[in-house]
Every structure is written in structure tokens, then in C-alpha cells.
Amino acid sequence: MLCSAKQSLARLTLSNHYGEKSPSGKPHFSSFPSTQILKSRKSDLSASKPLYISSFDFKHFDKSKDSNSQKALTQCNAYEAHRSQPITINLDFADEEAQVVAGQRIKIGLYFATWWALNVVFNIYNKKVLNAFPFPWLTSTLSLATGSLMMLVSWAIGIAETPKTDVEFWKTLFPVALAHTIGHVAATVSMSKVAVSFTHIIKSGEPAFSVLVSRFLLGETFPAPVYLSLLPIIGGCALAAVTELNFNMTGFMGAMISNLAFVFRNIFSKRGMKGKSVGGMNYYACLSMLSLLILTPFAIAAEGPQMWAAGWENAVSQIGPHFIWWVAAQSVFYHLYNQVSYMSLNEISPLTFSIGNTMKRISVIVASIIIFCTPIQPVNALGAAIAIFGTFLYSQAKQ
């Protein structure tokens with residue numbers, strides 16, 4: 001709060017009345033000038049209004065000097081009441097609070113825009129890799145390995161602060177990592193079998209899984225509008241699946257399993273991040289490392305190094321050196337978009353995160369249809385629109 005007061009200044013100078021010498025030669029100090037003295041000194045003081053004394057300035061008294069040449073012992077500053085100006089008060093609290101809110105919104109907006117852009121790029125390169133190298137288990141493993149390596153280097157050179165963890169932290173993180181691993185592999189398997197747009201249309205039904213899991217496993221209850229919002233979500237996904245030209249049961253089930261796994265991951269993540277000193281970026285880094293340890297033995301058992309070597313040689317021979325860039329790009333962008341999403345989750349509520357996730361699906365679906373020239377029927381597009389609209393209704397009903 002800034003407060004300023006400006007008023008005209010009238011000067012009251014008491015020069016010869018404080019410190020005048022008495023007949024005995026000693027200085028005589030008066031507590032205040034008498035009425036007679038004031039009348040005789042009208043030239044020094046001329047004010048018909050009340051005076052508000054603001055300060056006294058006591059000067060040095062020197063006996064060695066003549067009283068006529070002495071400076072004023074006491075200087076009194078006073079303000080005339082009739083010349084007083086209104087005090088100007090500027091309240092800045094509201095402005096500062098508005099600036100903080102605006103800054104927070106800009107920060108979240110940048111998080112969302114970066115999250116969506118990185119996710120679109122990841123899905124494009126991921127689909128290119130899977131078209132030439134249909135080994136989703138290894139592709140998923142490389143994504144986690146690249147992210148883990150990036151964070152280890154960041155910690156080593158000081159770009160990111162090394163998190164302080166303990167055994168209890170890793171115990172709490174394990175179910176999150178397990179759900180993340182299952183969801184990641186299932187989504188990759190789905191995209192290796194069907195179009196990216198179809199996978200994300202099915203994955204837009206994640207709110208339905210969230211409500212069902214919360215209701216039957218966690219015992220949570222929801223108002224009627226929340227349950228009603230599930231109808232367009234389920235109906236839209238079903239309509240899109242039935243009318244999908246390249247329907248594949250493995251791809252469909254992979255997307256469904258991914259939905260279920262990511263619901264558990266989000267629930268466990270929000271609980272695990274409460275009261276922890278590990279921020280969103282480092283939290284996802286630890287999650288990637290633990291998921292990599294879980295996934296690696298299963299990836300070797302499911303596909304194996306011999307199949308990987310043969311598939312890699314075939315992909316390089318068909319695509320050329322660009323294939324190596326595709327693999328590196330999909331791995332890097334996978335880590336970056338997930339890292340930004342966890343940084344967003346650390347700043348916002350799960351509801352806002354869910355809305356942002358829905359908008360992300362729209363951007364991915366539209367971008368993949370344009371880039372890969374995916375054939376889509378009007379009925380299929382209608383089903384996708386209904387499912388996404390149901391997701392929006394769900395987010396509104398849950399407020």
C-alpha cells in the first residue's frame with residue numbers, strides 16, 4: 001500500500017526566544033513563547049488557522065557568539081489546517097494479486113501448449129517407427145531408457161536438482177510404476193496394430209474407467225450428472241470402433257487396457273506426490289527408471305534380441321538412416337511430453353488435468369488424420385465427436 005500526503009508548509013521560527021540571555025548573562029529557555037511575544041513577532045508567524053506541529057529541529061547553542069548572530073536554537077515546522085490537501089491512497093494489493101493469478105494462468109497455458117505439441121510429435125514418430133519396426137515391447141523400453149538416461153545426465157551436470165528419496169518413497173512409487181508400465185506398453189501395442197486416431201478415440205473413454213474404478217474399488221460415489229456423462233463417452237467410443245475401417249481386436253484391447261492402467265497410475269500418482277519434496281519433473285524421472293527395471297525382463301521374454309536384430313536390419317535397409325532418427329525422436333519426445341504433463345499435474349487439480357488431457361486427444365487425432373491421411377467415415381468422425389463431447393460433459397459434471 002502506497003500512501004502519500006502533500007500539504008503546504010508554513011514555517012514557525014522561534015529564534016530569539018529560546019536561548020536569549022537573562023540579565024544574569026545565562027541563557028534562558030522558555031517552554032513555549034508567551035502571547036505577548038507572539039503578538040510582537042507577527043512578522044515571524046502569521047496564521048489564523050490551527051497549526052499542526054510536525055517536527056522540532058534543535059540547533060547547536062554556542063556561548064562564544066553574540067546572541068544577535070546566533071542561529072535559531074529551535075526550528076518548528078507546522079502545517080496550516082486550511083491548506084491541507086486530501087491524502088492520496090493507492091491500493092496495490094488487488095493489482096498484485098491479479099498479476100499473480102495472470103502469471104499462474106500463463107504458466108499453466110504454456111505447460112498445456114507444450115504438453116500437446118510434444119505429444120503430437122511423439123505420436124507421429126512413434127507410429128512411423130512401429131510401421132517399419134513392429135516391435136512395441138522394445139520400442140516402449142527404448143522410450144523409458146532414453147528418458148532415464150536424459151535425467152541421469154541432467155542430475156550429473158546440475159541442470160536439474162537431484163531428488164532426495166528414501167526407501168519409503170520407492171515403495172510408494174512401485175504401484176505407480178507398475179501401472180505406468182502396463183499402460184505404456186498396451187498403448188504402444190495398440191498403435192502398432194491400428195491407426196493413431198483410433199487408439200486415441202478409444203483412449204478418450206478413460207473418464208469412464210476412472211468413474212468405474214473409483215466407484216467399485218475405492219467406494220467413491222458421484223452425482224447423477226457424472227454417471228449420465230458416461231453415456232455419450234461409451235456410446236461414442238463404441239460407434240467409432242464399429243465403423244473403424246481398419247479395426248483390429250488386439251489394437252482395441254490394447255487401448256482399453258491402457259485406459260484402465262493409466263487410471264490407476266493417476267490415482268496412485270496423486271497420492272504419492274502428496275507431502276513429498278520431489279517435484280513433478282523428478283517424480284516422473286524416478287517413475288521412468290523404476291518402470292524401465294520392471295519392463296526390461298518382460299520385453300526380452302516377449303520379443304527377444306534375435307527378433308530385434310532382424311527387425312532392426314530390415315527397417316534400416318528399407319527406410320535408411322532416417323529410421324535411427326525416428327527412434328531417437330520418438331524416445332526423446334515421449335519422455336518430454338510425459339515430464340511436462342507431470343509438471344502440469346503438480347500445479348493444477350486432477351479435474352483441470354483431465355480437461356487438458358481431453359484437449360490433447362483432439363489435437364493428436366486431428367494431426368494424425370492429416371499427416372497419415374487416415375481414411376475416416378462420417379459415422380466414425382461422429383462417434384469420435386460424441387465421445388470427446390461426453391468427456392467434456394464429464395469434466396463439467398465433476399466440478
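Just after helix H3, glycine 158 takes a positive phi of about 85 degrees. The model is predicted, with local features needing pLDDT of at least 70 and side-chain atom pairs pLDDT 80 or more, while totals for chains, interfaces and linings use all residues. Residues are numbered from 1 along each chain as its sequence is written, and side-chain values use heavy atoms, without hydrogens or water.

Here are two helices side by side (helices are DSSP runs of H or I with at least four residues, numbered from the N terminus; the expected span is 1.5 Å times one less than the number of residues).

| Helix | Residues | Length | End-to-end C-alpha span | Expected span |
|---|---|---|---|---|
| H3 | 136–157 | 22 residues | 32 Å | 32 Å |
| H7 | 224–242 | 19 residues | 28 Å | 27 Å |

Buried residues (under 20% relative accessible area, with exposed over 50%, using a 1.4 Å probe and protein chains only) in H3 include Pro136, Leu144, Met151 and Trp155. In H7, they are Val226, Ser229, Leu230, Ile233, Gly236, Cys237, Ala240 and Ala241. These fall within an arc of 135 degrees seen down the axis of H7, so they line one face of the helix; the arc is taken from the directions from the axis to the C-beta atoms. Leu228, Leu231 and Val242 are exposed on the face turned away from that buried side.

Now for the empty space. A cavity is a set of points on a 1 Å grid over the protein atoms alone where a 1.4 Å probe fits but cannot get out. There are three cavities of 30 Å³ or more, and the largest holds about 280 Å³. Among its 23 lining residues (an atom within 4 Å of a point), Lys203, Phe262, Tyr337, Asn338 and Lys360 are the closest to its centre. H2 gives the largest share of this lining, five residues.

Terms used: On a 1 Å grid over the protein atoms alone, a cavity is a set of points where a 1.4 Å probe fits but cannot get out, and a pocket is an open set with protein on both sides within 12 Å along at least five of seven lines; lining residues have an atom within 4 Å of a point. Grid points are joined across faces, edges and corners, and a volume is the space filled by probe spheres set on the points.
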